[in-house]
Amino acid sequence: MKVTINKQNEKTLVVLDGRIDSTNADQFQQDIASLMEGEKPDIDIDCTNMTYTSSQGLRVFLLLQKSVMARNGKMVLRNMNPRVKEVFDITGFSNIITTI
């Protein structure tokens, strides 16, 4: 999993590339730890090249979403491939996290 974070004024763009699974979910959480700070975050996560997420990856997304909500911010996951989107839909995460 490769995580690229770019801040553009008030918006933060995160680009994910690869799989999130039990072997790298902790590293993914460390990579995005900086996004869990600051006031009123505005985070766009580009999932175009994210090919898979396990339950451990979902846990990290949920932690980030809770952090963003607690700080009156917003977070959007964009461009999910159909297999990854299906995981979010089946688990109900599409009702918790905005996916477009």
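**Architecture, core and local geometry of the predicted model**

At a relative accessibility of 14%, Asp21 counts as buried, because the cut-off for burial is under 20% relative accessible area. The structure described here is a predicted model, and in it Asp21 is located in the loop that connects β2 with α1. The side chain of Asp21 forms a polar contact of 2.5 Å with the side chain of Thr23, and, when neighbours within four places in sequence are left aside, Asp21 is in contact with Tyr52 and Ser54.

The strands of the model form an open sheet of five, arranged in the order β1-β2-β3-β4-β5 with mixed pairing. The edge positions are taken by β1 and β5, each of which has a single partner strand, so that one side of each is left without a neighbour in the sheet. Strands β1 and β2 run antiparallel and are joined by seven bridges; within this pairing, Ile5 has Val14 in β2 as its bridge partner. By contrast, β3 and β4 pair in the parallel sense over five bridges, and Asp42 stands opposite Lys74 in β4.

The connection between β1 and β2 is a hairpin with two residues between the strands. Asn9, in this turn, has a phi near 60°, a positive value in a residue other than glycine, and with a relative accessible area of 81% Asn9 is exposed. In strand β1, which covers residues 2–8, lies Asn6; its relative accessible area of 36% makes Asn6 partly exposed. Apart from neighbours within four places in sequence, the contacts of Asn6 are with Lys11, Thr12 and Leu13.

Helices α2 and α3 both pack against the sheet, but with different partners and directions. Helix α2 lies across β2, β3 and β4 and runs at about 175° to β3, whereas α3 touches β3, β4 and β5, its direction making about 110° with that of β3. The length of α2 is consistent with its residue count: at 1.5 Å a residue its 16 residues should span 22 Å, and the end C-alpha atoms are 22 Å apart, which agrees. The buried residues of α2 are Gly57, Leu58, Val60, Phe61, Leu64, Gln65, Ser67 and Val68. The spacing of such positions can be read against helix geometry: an α-helix has 3.6 residues a turn, so residues three or four places apart point the same way. The cover over the buried residues of α2 includes β2, α1, β3, β4 and α3. Just after the helix, Asn72 takes a positive phi of about 55°.

The largest nonpolar core comprises 24 residues, and those with the most contacts inside it are Leu16, Ile45, Phe61, Leu77 and Phe88. Two or more residues are given to this core by each of β2 (11–20), α1 (25–31), β3 (42–53), α2 (55–70), β4 (74–78) and α3 (82–91); the greatest contribution is that of α2, with five residues. Leu77 is in contact with Ile45, Cys47, Phe61, Phe88, Ile97, Thr98, Thr99 and Ile100, again leaving aside neighbours within four places in sequence.

Among these contacts of Leu77 is Thr99, a residue of strand β5 (residues 98–99). At 16% relative accessibility Thr99 counts as buried, and its side chain makes a polar contact of 3.3 Å with the side chain of Lys85. Not counting residues up to four places away in sequence, Thr99 touches Leu77, Met80, Lys85, Phe88 and Ser94.

Local features also mark the two ends of α3. In the loop between β4 and α3, Asn79 is found with a phi near 60°, a positive value in a residue other than glycine; a relative accessible area of 44% makes Asn79 partly exposed. The N-terminal end of α3 is capped by Asn81, of which a side-chain oxygen lies 2.9 Å from the backbone nitrogen of Arg83. Just after α3, a positive phi of about 85° is taken by Gly92.

How values were computed: Residues are numbered from 1 along each chain as its sequence is written. This is a predicted model: local features need pLDDT of at least 70, side-chain atom pairs count only at pLDDT 80 or more; totals for chains, interfaces and linings use all residues. Side-chain values use heavy atoms; hydrogens and water are left out. Helices (H or I, at least four residues) and strands (E, at least two) are DSSP runs, numbered from the N terminus. Buried means under 20% relative accessible area, exposed over 50%, partly exposed in between (1.4 Å probe, protein chains only). Contact means heavy atoms within 4.5 Å. A nonpolar core is a set of buried Ala, Val, Leu, Ile, Met, Phe, Trp, Tyr and Cys residues joined through side-chain atoms within 4.5 Å. The expected span of a helix is 1.5 Å times one less than its number of residues. A polar contact is a pair of N or O atoms within 3.5 Å; within protein, one must be able to donate a hydrogen and the other to accept it, and residues adjacent in sequence count only if both atoms are side-chain atoms. Two strands pair if DSSP finds at least two bridges between them. Axes are lines fitted to C-alpha atoms, for helices over the stretch in contact, and angles run from 0 to 180 degrees between N-to-C directions.
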